[in-house]
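Biologist: I have this model open on my screen and would love some company while I go through it. Could you take a close look at one part for me, the helix at the start of the chain and its surroundings, and then set it against the rest?

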Amino acid sequence: MDRLEAMRVFVAVAEMRGFTPAARRLTMSPAAATRAVSALEERLGTRLLRRTTRVVRLTDAGARYLADCKRILGDIEEAEAGAAGTEGEPRGMLNVTAPVNFGRMFVAPTVLGFLERHPRISVRMLLVDHVVHLIEEGMDVGIRIAHLRDSALRAVRVGTVRRVVCAAPEYLVKRGTPRTPSDLIHHDTIGFSNINPTRHWSFSTGSKTEAAETETRLFVNTADVAIAAAKAGHGLTRVLSYQVDPDVRTGQLRVVLEDFEPPEVPIHIVYPDARRATSSVRAFVDYATERLRTMAQSGAFGTKFSKTR
């Protein structure tokens with residue numbers, strides 16, 4: 001097997017996190033895929049993958065080599081496209097990750113629109129509610145809702161979301177509407193661990209931050225369950241604004257304590273250094289940036305709730 005084909009096998013194994021799924025994608029045997037990567041490691045004189053019985057993971061050297069392999073293979077595809085007279089058409093596999101709900105509501109429709117525009121590209125989506133290390137997990141592009149730390153990744157800001165406290169109107173009629181964060185101690189609350197892992201919810205008052213104790217009877221790890229419980233009248237919950245935007249618009253939930261909300265949380269598209277980005281990555285980042293910014297400006301992320309609602 002030549003070196004370029006071995007690099008393609010290595011990329012597939014890294015992206016699929018296993019020899020068997022990679023071999024299936026490449027229509028070859030798992031044994032042949034294993035031999036190809038082993039021969040590559042022997043030629044380089046270093047381990048690229050950590051192998052276990054369940055999954056393979058990149059070593060530090062493997063992570064660096066993966067980024068270079070993708071860039072090299074992408075350059076070759078572009079050169080071949082130029083020779084065939086189809087230059088300018090991005091092609092290949094693109095790996096995109098995003099939070100589960102945001103991915104379902106906004107990233108998936110963006111990906112479908114992108115696929116219609118670029119028929120030579122295939123996309124693998126990974127929707128998870130934790131920070132994915134792009135290179136180690138074989139991802140090309142990530143959507144992150146967070147204040148980013150310094151890293152080697154490029155980041156494009158496409159919008160913001162709010163951390164909002166909400167409840168069903170019927171609950172507020174029965175128990176009263178909290179006017180200040182300290183009122184929460186007199187209310188039932190539903191804790192969403194991704195936003196508030198403890199009974200103390202943070203709020204902003206001018207330039208100061210204060211923590212309010214809550215009477216939390218239910219902790220959940222998914223926004224869907226917290227929102228369903230709030231809509232059923234079991235108390236107040238705090239989630240991200242885009243997650244309840246449809247319910248607020250239809251009146252099933254009301255947002256409270258808006259004057260005390262913490263600063264908005266930015267949404268970024270992140271991807272490796274532009275010098276290592278393939279044409280498909282660059283094309284997707286450009287397309288997704290325009291689509292998501294348009295959604296943000298329309299208020300789809302829930303940043304334009306009326307404070308009189």
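Modeller: Happy to; here is a walk from the first helix outward to the rest of the chain.

Please keep in mind that this is a predicted model. As a backdrop, the chain has nine helices and 14 strands, and its C-alpha atoms fill a box of roughly 70 × 45 × 35 Å along the principal axes. Of the 309 residues, 48% are buried.

Let us begin with helix α1, residues 3-16, and its partner α2, residues 19-26. Their axes come within 8 Å and cross at roughly 125°. That angle makes α1 oblique to α2, and the crossing is right-handed. On the α1 side the contact is made by Arg8, Val9, Ala12, Val13, Glu15 and Met16. From α2 come Phe19, Pro21, Ala22, Arg25 and Leu26.

Past α2 the chain enters the loop that leads to α3 (30-44), and threonine 27 sits in that loop. Threonine 27 deserves a glance at its backbone: phi is positive, about 50°, although the residue is not a glycine. With 74% relative accessibility, threonine 27 counts as exposed.

Helix α3 is also packed against α1, at an angle of about 110° and with the axes 9 Å apart. The two helices are therefore roughly perpendicular to each other, and here α1 passes α3 in a left-handed crossing. In this contact α1 uses Arg3, Ala6, Met7, Val9, Phe10 and Val13, while α3 brings Ala33, Ala36, Val37, Leu40 and Arg43. Val9 and Val13 are thus listed for α1 in its contact with α2 and also in its contact with α3.

Phenylalanine 10 is a good residue to centre your view on. It lies in helix α1 and, at 0% relative accessibility, counts as buried. Setting aside residues up to four places away in sequence, phenylalanine 10 touches Val37, Leu40, Leu48, Leu49, Leu58, Gly62, Tyr65, Leu66 and Cys69. Val37 and Leu40 in that list are also among the α3 residues that meet α1. Cysteine 69, another neighbour of phenylalanine 10, is itself buried, at 0% relative accessibility. Cysteine 166 is likewise buried, with a relative accessible area of 0%. A search of the whole structure finds zero disulfides.

Now for the rest of the chain. The largest nonpolar core has 48 residues, and those with the most contacts inside it are Phe102, Val141 and Phe301. Helix α9 (residues 279-298) gives the most to this core, with nine residues. Apart from it lies another core, of 24 residues, among them Ala6, Ala22, Ala33 and Leu58. You have met these four already: Ala6 in the α1 contact with α3, Ala22 on the α2 side of its contact with α1, Ala33 on the α3 side, and Leu58 beside phenylalanine 10.

Back in the 48-residue core, phenylalanine 102 is in contact with Val107, Ile143, Ile145, Tyr242, Ile267 and Phe301, leaving aside neighbours within four places in sequence. One of these partners, Tyr242, belongs to helix α8 and is buried there. Seven of the nine residues of α8 (residues 241-249) are buried, so this helix is largely enclosed by the rest of the structure. The buried set holds Ser241, Gln243, Asp245 and Asp247 as well as Tyr242, Val244 and Val248.

Following α8 comes glycine 251, with a positive phi near 85°. For a sense of scale, the C-alpha atoms of glutamine 252 and phenylalanine 10 are separated by 50 Å, and the two residues are 242 apart along the chain. Further on, leucine 257 lies in the loop between β13 (254-256) and β14 (265-271). Its phi is positive too, near 55°, in a residue other than glycine. Unlike threonine 27, which counts as exposed, leucine 257 is buried, with a relative accessible area of 7%.

One last stop is histidine 118, in the loop between α5 (100-117) and β4 (121-127). Histidine 118 has a relative accessible area of 15% and is buried; beyond its neighbours within four places in sequence, it is in contact with Pro90 and Ala283. For the chain as a whole, among contacts between residues at least 6 apart in sequence, 73% join residues at least 24 apart.

How values were computed: Residues numbered from 1 in each chain as written. Predicted model: local features only at pLDDT ≥ 70, side-chain atom pairs only at ≥ 80, totals over all residues. Heavy atoms only, no water. Core = buried A, V, L, I, M, F, W, Y, C linked by side-chain atoms within 4.5 Å. Buried < 20%, exposed > 50% of the residue type's maximum accessible area, 1.4 Å probe, protein only. Contact = heavy atoms within 4.5 Å. Disulfide = S-S within 2.5 Å. Axes fitted to C-alpha atoms, helices over the stretch in contact; angles between N-to-C directions. Parallel < 35°, antiparallel > 145°, perpendicular 65-115°, else oblique. Left-handed = near helix turned anticlockwise from the far one by under 90°.
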